[in-house]
Amino acid sequence: MIDRIVEILRETAEAVVLPRFRNLADGEIVEKSPGDLVTVADREAEVMLTARLAALLPGSLVVGEEAVAADPDVLTRLDDDGAVWLIDPIDGTGNFAAGQEPFGMMVALMRGGVPVLAVIYEPVPGTVAAAEAGAGSYVDGVRMVLDHTPVGADQLRGAVMTKYLPPELREQVVSRLPNLSEAIPGLRCAAREYPELLRETRHFALFWRAKPWDHAPGALLMREAGGVVRHFDGADYDPVHPRNGLVVCRDDAVFGLVRSVLLA
């Protein structure tokens, strides 16, 4: 199944995404909400992925980011008892629209509201991250198993996305960043942040917005590698009932450190 999904993502990228990378015409980029862009490539990719994935698993439902933007009621399909495809046709649209990397395409297969399969594909440079529940997490065919060697707060290196944090919380978090070893600016692309976490180039990533298409695929990838994806209060991330505020990290100990250093 994963091989077929990767094939569908690659073919969609070649047909409608890559031809428009650094080649978008006037009027092919619009603001669907303040600060949130969508391009003709996002919309055409979602149409193609919706048709191909639904055909791959007859009877399945589809929830796509752009379909939800057009009709929020589509989101209610996520907790259906059957198979539901969750699609982010282009993650990192702001980067894509600016002719910059990174950007990626993300798919999760949900059953009973739980992600059971996930693929993140970055057309440039062609990276594939994939996971299946109970079968491990892989980046370009290499199994990812996160290191759980203890670290101190002053050793923590993490990506901290402050843009959408509420003002008071943003001020607090920013004031405490010097207590970390290094705070990395966000890449504006969860499709790259999650593979970087799996490669252990950072210990954690802190997000405010927790949309299911942005985080359900990566959450399965992290959990299959031994990591955790938690809300600021410690509750596990639930893509069917998402709440803002997420810490993605390699284990409970790192989560506790991040919360005590930045959020307590």
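Pro102 is placed in the loop between helix H4 (93-97) and strand S5 (104-111). In this predicted model, a cis peptide bond with omega of about 0 degrees joins Glu101 and Pro102. The briefing continues with other backbone features, then turns to the nonpolar core, the salt bridges, the charged surface and pairs of residues that lie apart in the sequence.

**Backbone features**

- Most peptide bonds are trans, and most residues other than glycine have a negative phi.
- A cis bond also occurs in the peptide link from Val124 to Pro125, where omega is near 20 degrees.
- Pro125 sits in the loop between S6 and S7; these are strand S6 (114-122) and strand S7 (127-132).
- Arg22 is not a glycine, yet its phi is positive, at about 60 degrees.
- The loop between H1 and strand S1 (29-33) holds Arg22, and this residue counts as exposed because its relative accessibility is 58%, where exposed means over 50%.
- Asp140 is another residue other than glycine with a positive phi, in this case near 50 degrees.
- Asp140 belongs to the loop between strand S8 (137-139) and S9, and at 48% relative accessibility Asp140 counts as partly exposed.

**The largest nonpolar core**

- How many residues make up the largest nonpolar core, and which of them touch the most other members? The core has 29 residues, and those with the most contacts to other members are Ile120, Tyr194, Leu198, Met222, Val229 and Val248.
- At least two residues of this core come from each of the following elements: strand S6 (114-122), strand S7 (127-132), helix H6 (190-198), S12, H7 and strand S14 (246-249).
- Helix H6 is the element that gives the most to this core, supplying five residues.

**Salt bridges**

- Side chains of opposite charge can pair when their charged atoms come close.
- The count of salt bridges in the model is 14.
- One of the salt bridges links the side chains of Glu7 and Arg4, with an N to O distance of 2.7 Å.
- Why are Glu7 and Arg4 separated by about one helical turn? The reason is that they are three residues apart in helix H1 (residues 2-17).
- Both partners are partly exposed: Glu7 has a relative accessible area of 36%, and Arg4 has one of 33%.
- The side chains of Arg199 and Glu196 also meet in a salt bridge, at 2.9 Å from N to O.
- Is Glu196 buried or exposed? Glu196 is buried, because its relative accessible area is 14% and the limit for buried is under 20%.
- Its partner Arg199 counts as partly exposed, at 33% relative accessibility.
- Asp236 and Arg230 form a further salt bridge through their side chains, at 2.8 Å from N to O.
- In this pair, Asp236 counts as partly exposed at 49% relative accessibility, whereas Arg230 counts as buried at 16%.
- Glu193, Glu196, Arg199 and Arg202 are joined into one network by salt bridges that share partners.

**Charged surface**

- Which residues form a positive surface patch? The patch is made by Lys163, Arg188, Arg209 and Lys211.
- Within this patch, Arg209 lies in the loop between strand S12 (204-207) and helix H7 (212-224).
- Arg209 is partly exposed, with 34% relative accessible area; this value is over the 30% that membership of a patch requires.

**Distances along the chain and in space**

- Met144 occupies the loop between strand S9 (142-143) and strand S10 (157-160), and is buried, with a relative accessible area of 12%.
- From C-alpha to C-alpha, Met144 and Val258 are 22 Å apart in space, while 114 residues separate their positions in sequence.
- Asp252 lies in helix H8 (residues 252-263) and is partly exposed, with a relative accessible area of 45%.
- Asp252 and Asp3 are 249 residues apart in sequence, and their C-alpha atoms are 32 Å apart in space.

Terms used: Residues numbered from 1 in each chain as written. Predicted model: local features only at pLDDT ≥ 70, side-chain atom pairs only at ≥ 80, totals over all residues. Heavy atoms only, no water. Patch = residues over 30% accessible without salt bridge, like charges linked within 9 Å, V, L, I, M, F, W, Y side chains within 5 Å. Areas by Shrake-Rupley, 256 points an atom, 1.4 Å probe, with all protein chains shown as cover. Salt bridge = Lys/Arg side-chain N within 4 Å of Asp/Glu carboxyl O. Lys, Arg positive; Asp, Glu negative; His and termini not counted. Charge placed at Lys NZ, Arg CZ, Asp CG, Glu CD. Helix = DSSP H or I, 4+ residues; strand = E, 2+ residues; numbered from the N terminus. Buried < 20%, exposed > 50% of the residue type's maximum accessible area, 1.4 Å probe, protein only. Core = buried A, V, L, I, M, F, W, Y, C linked by side-chain atoms within 4.5 Å.
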